[in-house]
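Thanks for sending this one over. Here are my notes, in the order I'd go through them with the structure open.

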Amino acid sequence: MRWTFAMAAFLAMLPSVEAQPIRYLADKQLWVLESGESSYVVGVNELNRLQHVYWGKKLARNEDFAPARSARDFAFESREGMTTEEYPGWGGMRFYEPCLKVTREDGVRDLALKHVSHEIRGETLEIRLRDINDDIRVTLVYRVWPRTGIISRHAVIHNGTKQQVVVESAQSAVWYVPAGDGYRLSHLAGHWAGETQLVREEIQPGRKVIESRRGNTSHQANPWFAIDERGAADEEHGRVWFGALAWSGNWKFVVERTPYSQVRVTGGYNDFDFAYPLKPGESFSTPVFYGGFTAAGFGDASRRMHRFIRDEILPDRAAPRPRPVLYNSWEATTFDVNEAGQKALADKAAKIGVELFVMDDGWFGQRNDDHAGLGDWYVNPKKFPNGLKPLIDHVNKLGMKFGLWVEPEMVNPNSDLYRAHPDWAIHFPGRPRTEGRNQLILNMARDDVKEYIYGLLDKLLAENNIEFIKWDMNRHFTEPGWPNVPPTEQKKIWVKYVNNVYEIFDRLRGKFPRVEIESCSGGGGRVDLGILPRVHQVWTSDNTEAFDRLRIQEGFSFAYAPKVMMAWVTDVPNMNGRSTSLKYRFLAAMQGSLGIGANLNHWKEDDYKLATEMIALYKRIRGTVQHGDLYRLLSPSESDVTANQYVSEDGKQSVVFAFRHSQQYLRPAPTLYLRGLDEKALYRIQPIDDKLIGDQRTVSGSYLMNRGLNLRLGGDFDATAVVVERAE
Ligand code: DGJ
């Protein structure tokens, strides 16, 4: 081939070898994955096993890395058992959590995975492994996301043998932090109405299992973790390794500290009640496990996740749109919805600046309470004698979009659908069918059920100008039987159910791109990186009490972006009996995607006035809240003041929200030191009320970050906000 000037010019435009995000160092058999400011290194050791080498701050020189070498054996342990294997099969002296466990038809369960080959395609790396004897293959797929420093990993398992292989555990990845003691685990635990509570604990020898066995992601635990060196990391400083699994079904993290001070986190499908038979020639894939590293504390770890979710995950990632201000009828009306009542609420919602009006549960079938109707997705003729059109037209005329609640995966035994198809519900023949909220779960793993559900949603969206759906799921799995497939296939239900639900979301979004979706599962039971590419927001919690929300929202913010965090302003006293001011409730909800869930029929003139002002303020700052950087200034779990600051992408606007929970002895609220501003720039301070102490209104970034702001938060459940805008 002749070397031309054009070819040289073209090559000069390509990134240099050093700049490529994934490099293979052939002489050392190492792959270096660079993502943002971090490096992840994996290699093939002298036993031809894939071995984790490094995960941490970017190391610039290839020369610094040595080839992977297995650890020494040790009494009662083998070399393999002591080595940081990148994707260990279960076999040999591996007494820790394996990534893959199989049983062959002939009963052989030993699996020894050796490296075979690899391929790099831009930001993706595939490393192929194979069992030493049989054609059981695993392709490890890595991808770097350099804009945020995230790395993603998953595995594709292929049965190339002539016999059936039952996969009994399929993990997406194991993550290692550098060997050592004294690591701390952060994770999110909770329950219905108390989701995403941040839990922190030292990682002790042994195993800590965080999981869901409930069929969906769960309120009780969320598939996110972070690890730091105890005491060394805070919001602004220190090494933090973090990860989140993209799966909305049964999942499991095993956090282990081996007797030899190696901390490892294995995560993927929950292997509880798991068996995935692969016939000869079949493959299947694990969920994607995302991981990240920062040397700049938990604040930076969260901001990376937020950016990653906004820029790479959400359906509107290519052209991000602000989330609209929403009104939802649920807490105002519960099941008592009808055309006149909803129109009256819509009139009031439009007046205060709502942009999307959502009718919640109660509009279909014989749905007058939670004992009946699920499954019968026809409009209730008594409540809406002329169908939904008059209401939707009314809402649209008021300048708002219309949204509708559905719970497609469920059926009440008291429904026409159940009477026609009792076998469509998940069950074991001849065994009790445990009801949760008086409902059973349709077996979405069945393709006929999936098609039926897709068909009715397709019809609903095609026939009505619905621009938003709130997709709910109000119970967890029990008796997970799937009687119409052979017993050996039945446990696939855990995986197939979720994949079929995902498929419905994907097809609907493809056909109705105008429709936005909220993922709800009795609050925050289905919040994870598997659902987020398919939905625009999530319902954070059924607990809408503003003070309780501060902790729920704080935990949420460690893993997920404020933009997707739906937060409503509701009436008081709330479910826990507490009453806070309307302003406090607005400010709590304005830290995410703002919604109103109050009964507007009960509001007084002053409430309308305040709501109109707060919604107008929210619209002014929502770009900053939804697309900016979040700095957690003071935590509700550590201080009697909660404070959060958001800085817009262009750095021109910042907003601080501050809440006093209870005050004693007339002590002043602590000084708030702002973050993320330009030290040299001048900023105009715009308090929303008279709670800012001092008269300075134009100050430097340096002042705001070092001298800070003092707020007069005197009483219990007092709250305020301050907007700061760049002066030049
Ligand atoms: C549970 C949801 O979390 C609520 O917001 C509401 O939609 C109800 N379901 C309706 O049944």
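1. Start with the barrel. In this predicted model, eight strands form a closed barrel in the order S21-S22-S23-S26-S27-S28-S29-S30, and their pairing is parallel. On average, neighbouring strands of this sheet are turned by 30° against each other, ignoring direction.

2. If you want one strand pair to look at, try S23 (residues 401-406) with S26 (residues 468-471): these two are parallel and share four bridges. One to click on is leucine 404, whose bridge partner in S26 is isoleucine 469.

3. A helix sits against this sheet too. H5 (residues 339-352) packs on the sheet and touches both S21 (326-328) and S22 (356-359). The direction of H5 makes about 155° with that of S22.

4. Next, a helix pair. H3 (residues 297-313) packs with H10 (residues 546-559) at an angle of about 70°, and their axes are 6 Å apart. That angle makes H3 roughly perpendicular to H10.

5. Who meets whom there? On the H3 side you'll find Phe298, Ser302, Met305, His306 and Ile309, and they meet Ser557, Phe558 and Ala559 of H10. Sorted by class, the H3 contact with H10 has five nonpolar residues, three polar ones and no charged ones.

6. Finally, a hairpin with the other kind of pairing: S6 (residues 113-121) and S7 (residues 124-131) are antiparallel, with eight bridges. Isoleucine 120 has leucine 125 in S7 as its bridge partner. Two residues lie between the strands of this hairpin, and glycine 122 takes a positive phi near 60°.

How values were computed: Residues numbered from 1 in each chain as written. Predicted model: local features only at pLDDT ≥ 70, side-chain atom pairs only at ≥ 80, totals over all residues. Heavy atoms only, no water. Pairing = 2+ DSSP bridges. Axes fitted to C-alpha atoms, helices over the stretch in contact; angles between N-to-C directions. Contact = heavy atoms within 4.5 Å. Parallel < 35°, antiparallel > 145°, perpendicular 65-115°, else oblique. Nonpolar A, V, L, I, M, F, W, Y, C, P; charged D, E, K, R; others polar.
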